[in-house]
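Subject: Structure handover

Hello,

Here is the structure I promised to pass on. Please open it next to this email and follow along.

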Amino acid sequence: MGNVFKQIKGDKAIWAIVALLAIFSFMPVYSAASNLANSGHTNTFSLLVKHFMHLLLGFVIMFGIHKVPYKYFRGLSMIMIPIVFVLLLVTMLQGTTIDGANASRWIQIPIVNMSFQTSTLAAVVLMVYVARYLSKIKDKEIKFKETILPLWTPVFLILILILPANFSTTAIIFTMIMMLAFIGGYPLKYLGLMLLSGFAALAIFVLVAKAFPEAMPNRVDTWMSRIENFANGEDTEADYQIEKAKIAIATGLTPLGPGKSIQKNFLPQSSSDFIFAIIIEEYGLYGGIFLLILYMWLLFRIVIVSHKSDTVFGKLLVLAVGLPIVFQALINMAVAVELFPVTGQTLPLISSGGTSIWMTCLAIGIILSVSAKREELKEQEDAEDNPLAILSEAI
């Protein structure tokens, strides 16, 4: 066991935060999953074991990735861009349905018989790719025409493939790319132009979807109606979920205790999208504040690791893959208290679901890789300053 801990490099605080989130997730997932067990899908213990296996594989991914020197992610992002493009295309064309509902977010992995949400992998790859390009043009005179093909074309092609089945993920990725480009020094006038282009592309897509409804997935009408109903305050199935979530949060003023949630029996996504409401119902405001502090602590450490990185690519890479994790967590919490329309975004490292956990661990592994490199350089500097080391070299 001691040898394993010696192999762990990078920011120890981030390791601690991830471990705390993973450990904390077991009780609410076990409690919320009992809703699925009671409906006859499976038993609660098997769902808990499944969650454990997802987390275990996630930590293996994180450990493996943090051992890879982060400079290699430059080339890997370029290789992965066409791969995720093909995966997204296959996912969209297959038009999978689960229990009668459109589920074209997932692709089936044949050998292991598991489903995988390709948009989450595409999000991480695209953010790394953008960080690579921005670091490449840093301190150079940026001409908009020269950035269209290498930067914005891959961004828009991938977002267009994600959009029909997953508007919220598309919006989050686009927002994060705009934020990263701003931090990376991309000219504001060009960012404004890309923002307008994004809205124009969305408007065209909506018009095409309305004109040819049979050619578009039914998800288009779903997310459009969610936004409209949220703005108008109309009652829908999504509002039913929000109302149950708000009841759970209100109950949290006098918490029911671990495993004693009542609203988990009424919330269809109690172990994923609305797990934050279940946590507050069972653990009270203290549980919710504890989670919020952990995510804010993670954000703080991400900024620190970015600041301490020795290269522009390292700085941008950490922000590229780290900020979306915290942003997604805040959106999930905001949906539960009706500050946002229902988005379908999970609570990172807390909600059940393999793909979400694995891609979050992949992103954190990349952050730890940057942090580990900084530690390595610091150790070398300390060794060089050591009088005994200088003496040994002289001899």
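Let's start with one residue. Gln328 has a relative accessible area of 16%, so it counts as buried, the cut-off being under 20%. Please keep in mind that this is a predicted model.

**Helix H12**

Where is Gln328 found? It is in helix H12. Setting aside neighbours within four places in sequence, Gln328 is in contact with Gln345, Thr346, Pro348 and Ser356.

Now look at the helix itself. H12 covers residues 312-336, 25 residues in total. At 1.5 Å a residue it should span 36 Å, and its end C-alpha atoms are 37 Å apart, which agrees. H12 does bend, by about 25° at Gly322. A proline, Pro324, follows within four residues. Of the 25 residues of H12, 21 are buried, so the rest of the structure largely encloses this helix.

After H12 comes Glu338, with a positive phi near 65°. Leu349 also has a positive phi, near 70°, and is not a glycine. Find Leu349 in the loop between H12 and helix H13 (354-385). Is Leu349 buried or exposed? Its relative accessible area is 2%, so Leu349 is buried.

**The whole protein**

Step back for a moment. The protein has 395 residues, and 49% of them count as buried. It has 14 helices and 4 strands. Take the contacts with a separation of 6 or more: residues 24 or more positions apart account for 73% of them. The protein exposes about 19,400 Å². Carbon and sulfur atoms supply 68% of that area.

**Helix H6 and its surroundings**

Next, go to helix H6, residues 144-162. It has 19 residues and reaches 25 Å from first C-alpha to last. That is close to the 27 Å expected at 1.5 Å a residue. Where is the kink in H6? It lies at Trp152, with an angle of about 45°. The proline Pro154 comes shortly after.

Trp152 and Pro154 are both among the buried residues of H6. Others on that list include Phe144, Leu151, Phe156 and Ile162. What covers the buried residues of H6? The cover includes helix H4 (72-94), helix H5 (118-136), helix H7 (167-183) and helix H8 (188-211).

Thr170 is a good residue to check in helix H7. Its relative accessibility is 9%, so Thr170 counts as buried. Apart from neighbours within four places in sequence, Thr170 is in contact with Leu159, Ile162 and Leu163.

Now look at the loop between H5 and H6, where you will find Asp139. Asp139 is not a glycine, yet its phi is positive, about 65°. At 75% relative accessibility, Asp139 counts as exposed.

**A salt bridge**

How many salt bridges does the structure hold? It holds 1. Arg301 pairs with Asp11, and the closest N and O atoms are 2.6 Å apart. This pair links distant parts of the chain, with the two positions 290 residues apart. Arg301 sits in helix H11 (residues 275-308). Asp11 sits in the loop between helix H1 (2-7) and helix H2 (12-38). Both Arg301 and Asp11 are buried.

**Glu281**

Stay in helix H11 and find Glu281. Is Glu281 buried or exposed? At 1% relative accessibility, Glu281 counts as buried. Leaving out neighbours within four places in sequence, its contacts include Ala248, Thr251, Gly252, Pro255 and Leu256. Ser261, Ile262, Gln263 and Lys264 are also in contact with Glu281. Gly257 is 24 residues from Glu281 along the chain, and their C-alpha atoms are separated by 7.8 Å.

**A nonpolar patch**

Last stop: the surface. Which residues form a nonpolar patch there? They are Phe45, Val49, Phe52, Met53, Leu56, Leu57 and Val60. Together they have about 650 Å² of accessible area. Val49 lies in helix H3 (residues 44-66). At 35% relative accessibility, Val49 counts as partly exposed.

Best wishes

Notes
Residues numbered from 1 in each chain as written. Predicted model: local features only at pLDDT ≥ 70, side-chain atom pairs only at ≥ 80, totals over all residues. Heavy atoms only, no water. Expected span 1.5 Å × (residues − 1). Bend = angle between axes of the 7 residues up to and from the residue. Buried < 20%, exposed > 50% of the residue type's maximum accessible area, 1.4 Å probe, protein only. Patch = residues over 30% accessible without salt bridge, like charges linked within 9 Å, V, L, I, M, F, W, Y side chains within 5 Å. Areas by Shrake-Rupley, 256 points an atom, 1.4 Å probe, with all protein chains shown as cover. Salt bridge = Lys/Arg side-chain N within 4 Å of Asp/Glu carboxyl O. Contact = heavy atoms within 4.5 Å.
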